[in-house]
Amino acid sequence: MSTSARDNAFLQEMGIGPLWTLRDAMPDEALSDELAAPAQEAAYEAAPVPAALPAAVPTAVPTAVPTAVPTAVTMPAPPAVVARAMPPAATPAASPATDSAWGEEPPGPPPTEEEIAAMDWAQLKNAIANCTRCGLCKGGRKPVYGNGAQQARWFVAAGASTASDEKERQPVSGEPGKLLANMLAAVELSRDSNVYVTNLIKCRPTSANGGDRAPSAEEALACRPYLDRELALSGAPLVLTLGQIAANALQSKPLQETLAGSRGQVHEVGGVKLVATLHPGELLRRGADKALAWADLCLARAHDGRHG
């Protein structure tokens, strides 16, 4: 209800303006300002309250407050807040591929001798890569696989892998490897065509200061089944051992026994003929012994089935 003219005159004389005016009487400008107010104040438009009232005039505040607050009062969070409250789901990183049993799961038990004896070339290489039959696999060292002709005329076996072998990833490497190639060529053989070369002990035995050392009998026994399977798969009729370790291990002799007791005669291991000679590394240190090695090569050639 609007105030009467007499009431307005009285209030003006007292210096007091009208308490409120109806919406219909409000100027357009005031209505525009009201509509531009924040959304949360819209709930109280039905009963606006003057900004300030004289102390002598009682405030006429509506007693009934709307019970249902419009949903506009609850403002949505700014984009930045929403982004912090609901971060995008992280995409799981792809697991790196592993090429051995040293991945996320611990390696299984080492294969038995019977299992090794039934392996093909691929299975044998995988078994050597994941082998835990002795402690040489620890420390981040990698095994050195045999190489050469998988169907071979000669099977050449050295003792333990060396630092050079580990670096070049092949047995009898470096300067000894070059000399071995010349020795084989002298009897019309080569790694590429008809010779398979391997080390008895696939992982390099190291001393306390990281240098090469002689293998133990336990390490030789642990690796022996792998060499036996390589020999069987190659089909070679003759084994040429290089150095004392390989000759003694394949004949089940103490590793410390001198090579002189094995040289100069033909032995047999698993139904295959065996001839022992010096390691090319020894021949590089003692050039005079090359004549002994030549005699051993001639003996092996005479018994490899190519002649008579």
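Q: Is Arg-286 buried, partly exposed or exposed?
A: The model is predicted, so local features need pLDDT of at least 70 and side-chain atom pairs pLDDT 80 or more, whereas totals for chains, interfaces and linings use all residues. Residues are numbered from 1 along each chain as its sequence is written, and side-chain values use heavy atoms, with hydrogens and water left out. With a relative accessible area of 37%, between the limits for buried (under 20%) and exposed (over 50%; 1.4 Å probe, protein chains only), Arg-286 is partly exposed.

Q: Which residue meets the side chain of Arg-286 in a salt bridge?
A: A salt bridge requires a side-chain nitrogen of Lys or Arg within 4 Å of a carboxyl oxygen of Asp or Glu. The N to O distance for Arg-286 is 2.7 Å, and the partner, at 17% relative accessibility, counts as buried; that partner is Asp-289.

Q: Which residue joins Arg-204 and Asp-212 in one network of salt bridges?
A: Asp-212 and Arg-204 form a salt bridge, their closest N and O atoms being 3.0 Å apart. Asp-212 counts as partly exposed at 43% relative accessibility, while Arg-204 is buried at 11%. Through salt bridges that share partners, the network also takes in Glu-166.

Q: How many residues apart are Arg-301 and Glu-188?
A: These two residues form a salt bridge, with the closest N and O atoms 3.4 Å apart; Arg-301 is partly exposed at 23% relative accessibility, and Glu-188 is exposed at 57%. Arg-301 belongs to helix α11 (residues 290-302), whereas Glu-188 lies in the loop between α7 and β3 (195-201). The pair links distant parts of the chain, and its separation is 113 residues.

Note on methods:
Helix = DSSP H or I, 4+ residues; strand = E, 2+ residues; numbered from the N terminus.
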